[in-house]
Structures are given as C-alpha cells and as structure tokens.
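Hi there,

Here is the structure I promised to pass on. Have a look at it first, and my notes follow below.

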Amino acid sequence: MGIWIRSQDKKSLLLCKSFDVGCDNDNYNILVNYELRNNEEHYSSMGNYSSVEKAVLVLDMIQKHIETHSNDVFQMPRDIIIDDEV
C-alpha cells in the first residue's frame, strides 16, 4: 500500500511507500521512497522547507491525509509559515 504524492513543483506524481526528513545545507527535504518499474527502490525529494519543524509539520499533514482519505493524491505544500514566525 502507498499514497500518491504530487511534488512541490508539480512535476512528479509518485506512489510512495515511506517518508523521511533529510537536510542539505539548511534546506530540509521530504524524501519519499517509491518503487521503479523494475522493482528497484528509489528515494526522491518531493518538497523543500526552511526548517526541520516545517518539514515535520508536513509529515504530520501527510499522516493526517493517510488517516482520513483512501486513494486521493496529497499535494506537497510550499514552504509554510509557523505561528512563531508571524
């Protein structure tokens, strides 16, 4: 089982199996695991966020989407504003 995820730039739509937060030069990425046609597993970044807290918040959003929807597509949000930043 997986969930369809549309990338932040809307250029990818992947059936994803798992999610991780990665960091590259203070840029936090949501990394998704998916299977290629030849059954090889691959990771790809589907969204970039300016803090680990924002990336974790997006993971929370994906979890809630999985819990409340069955076969819909989750659209990765742009970088989000946390209340502390306002």
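**What turned up: the pocket**

Strands E2 and E3 each supply at least two residues of the lining of the largest pocket. Please keep in mind that this is a predicted model. The biggest contribution to that lining is from E2, with four residues. In total, eleven residues line the largest pocket, and those nearest its centre are Leu14, Leu15, Tyr34, Glu35 and Leu36. Sorted by class, the lining has seven nonpolar, one polar and three charged residues. As you may want a figure for your own work, the volume of this largest pocket is about 190 Å³.

**The sheet around it**

Now for the strands. There are five of them in an open sheet, ordered E4-E3-E2-E1-E5, with mixed pairing. At the edges are strand E4 (41-49) and strand E5 (73-75), each of which pairs on one side only. From one strand to the next, the twist averages 40°.

Two of the pairings are worth following residue by residue:

- E2 (residues 13-24) and E3 (residues 27-35) run antiparallel to each other and share eight bridges. Within this pair, Val21 stands opposite Ile30 in E3, and Cys23 stands opposite Tyr28 in E3. The hairpin of E2 and E3 has two residues between the strands, and Asn25 takes a positive phi near 55° there.
- E1 and E2 are also paired in the antiparallel sense, over four bridges. Here Ile5 stands opposite Leu14 in E2, and Leu14 is also one of the residues nearest the centre of the largest pocket. The hairpin of E1 and E2 has six residues between the strands, with Lys10 at a positive phi near 65°.

**The core**

Which residues have the most contacts inside the largest nonpolar core? They are Ile5, Ile30, Val32, Val58 and Met76, in a core of 16 residues. The elements that give two or more residues to this core are strand E1 (3-6), E2, E3, E4 and helix H1 (52-68). E3 gives the most, with four residues. As background, nonpolar side chains tend to be buried together in soluble globular proteins.

Two of these core residues have already come up in the strand pairings: Ile5 is the partner that stands opposite Leu14, and Ile30 is the one that stands opposite Val21.

When you open the model, you could start from Leu14, which lines the pocket and stands opposite Ile5, and then go on to the core.

Happy to talk it through whenever suits you.

Best wishes

Terms used:
Residues numbered from 1 in each chain as written. Predicted model: local features only at pLDDT ≥ 70, side-chain atom pairs only at ≥ 80, totals over all residues. Heavy atoms only, no water. Pairing = 2+ DSSP bridges. Axes fitted to C-alpha atoms, helices over the stretch in contact; angles between N-to-C directions. 1 Å grid on protein atoms, 1.4 Å probe; cavity = no way out; pocket = protein on both sides within 12 Å on 5 of 7 lines; lining within 4 Å. Points joined across faces, edges and corners; volume = space filled by probe spheres on them. Nonpolar A, V, L, I, M, F, W, Y, C, P; charged D, E, K, R; others polar. Core = buried A, V, L, I, M, F, W, Y, C linked by side-chain atoms within 4.5 Å. Buried < 20%, exposed > 50% of the residue type's maximum accessible area, 1.4 Å probe, protein only.
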